[in-house]
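Biologist: I'm new to this structure and would love a close look at one part of it. Could you walk me through the largest pocket, and then point out a few spots in the backbone worth a glance?

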Amino acid sequence: MDRGKKLTNFYGNKNNKIYMDLKDIVRENALRYLPAKSLFRCFGVCRDWKHLISTPFFAHNQSNSFHSVSGFFYQSQAGLPSFMSLDPVAYGVPDPSLKFLPEPVDIRSSCNGLLCCQGRTGYKAYYICNPVTKQWKKLPKPDADHGSDPAVVLVFEPSLLNFTADYKLVCAFPSELDGYEFEIYSSEKRSWIISREICFSERKVMPKSGIHVNGTVYWQTMGFGITAFDLNSERFQLLDSAVGTLGMRNGKLCSAYVHAQNLVVNMLSNTHSNTMQMNSHAKMWEEMQPKIHVDISLPASSNNNASGRYGYGHGGVVFIGGDVVLLSNGNKFYSYEMKKRASKDLGELDIDTKAGIVGYVNSLVEL
């Protein structure tokens, strides 16, 4: 009898120990893969989790672990920044209008949880902020004139070695020498530097088309071209463009558009194909197979007019990043997940058609 009772208590304690171990496993290995809004909801689970999530070390781990596209920042017709969430329960920010910044701003770029905005007064300063934590930095005045609609791209890659964000802001601006020059702000050096490289080309850079992929910034240009700027060598290259909106998939530059309700994605495979020997079969772009059927009603013009973040009012692909594609038909928007082959109606949005839309990652990254 006594032995039976002890045996029962032993298994009860063992089950309790297993439960505690599972809680610790979730805390130490699963929480950091959640988006910021979901983590704030976890505050109510227990005091231990709330304390852990509130530490700078956890914010550092989460910013290095969570990289999923969570939604999109855009400018409303009233001129205020707004946020479109792919999942309002999981993804969100406390103040989508960014009123915590010292002046009204326009959205310019985004990268891995950080937003680049530009003020509307004075010298129209750039601000780098995290809309989740409301932390922000005001950048010094650039040396060059970036124009009223600057072609800026925010570059930020989270690193396990850096507990504060080490980022760059790159701007391609018209040169007095009939081309484009490049000015770079470094958070590490806290200063702007104009590169010695000058891109002598008649191709006009499209301001809201820029994207960073593996150390290179790409801008679409008028006439289906691409201007590429390598941040390490500070050298530019002119590439032939595939039709559609530029994005990144599987760590590579891609271009996407919709044709006959099929999502067509071309991957950049060889940037030197135009210098290969004659009769070479090397191609600059390779079409991803098989084509993906998109069961969404889009206008007929979207098959060749998917001009992305600077022309989404005509329909087609607005954004592509990872497995997430944002499509539009006028001011009606849809998301599509390529891995799940599932679409979602995001509804009609009051969007300023002259402004851009930028993808956003719901991160706790510290500034």
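Modeller: Here is a walk around the largest pocket, followed by some stops along the loops and one strand. Please keep in mind that this is a predicted model.

Let's begin with the space itself. The largest pocket holds about 1,200 Å³. Rolling a probe the size of a water molecule over the atoms is what shows where empty space is left. Around the largest pocket stand 49 lining residues. If you want to find its centre on the screen, look for His67, Val69, Phe319, Gly321 and Gly322, which lie nearest to that point.

Several strands take part in the lining. Those giving two or more residues are β3 (105-111), β7 (151-156), β11 (211-213), β15 (245-249), β20 (316-321), β22 (332-337), β23 (342-348) and β24 (357-360). Of the elements involved, β3 provides the largest share, with five residues. As for chemical class, the lining has 20 nonpolar residues, 18 polar ones and eleven charged ones.

Now for the backbone. Most residues other than glycine have a negative phi, and most peptide bonds are trans. With that in mind, three places in the loops are worth a visit.

One is Asp178, in the loop that joins β8 (167-175) to β9 (179-186). Its phi is positive, near 60°, although Asp178 is not a glycine. Asp178 counts as exposed because its relative accessibility is 67%, and the cut-off for exposed is over 50%.

Another is Gln261, which sits in the loop between β16 (252-259) and β17 (262-268). Gln261 is also a residue other than glycine with a positive phi, near 60°. With a relative accessible area of 34%, Gln261 is partly exposed.

The remaining loop stop is Pro290, located between β18 (285-287) and β19 (292-293). Here the peptide bond leading from Gln289 to Pro290 is cis, and its omega is near -10°.

To finish, turn to a strand. Ser82 belongs to β2, which covers residues 81-85. Ser82 is buried because its relative accessibility is 16%, and buried means under 20%. Leaving aside residues up to four places away in sequence, Ser82 touches Phe72, Phe73, Tyr74, Ser76 and Pro96. If you display those five side by side with Ser82, you can see the contacts around this buried serine for yourself.

Notes. Residues numbered from 1 in each chain as written. Predicted model: local features only at pLDDT ≥ 70, side-chain atom pairs only at ≥ 80, totals over all residues. Heavy atoms only, no water. 1 Å grid on protein atoms, 1.4 Å probe; cavity = no way out; pocket = protein on both sides within 12 Å on 5 of 7 lines; lining within 4 Å. Points joined across faces, edges and corners; volume = space filled by probe spheres on them. Helix = DSSP H or I, 4+ residues; strand = E, 2+ residues; numbered from the N terminus. Nonpolar A, V, L, I, M, F, W, Y, C, P; charged D, E, K, R; others polar. Buried < 20%, exposed > 50% of the residue type's maximum accessible area, 1.4 Å probe, protein only. Contact = heavy atoms within 4.5 Å.
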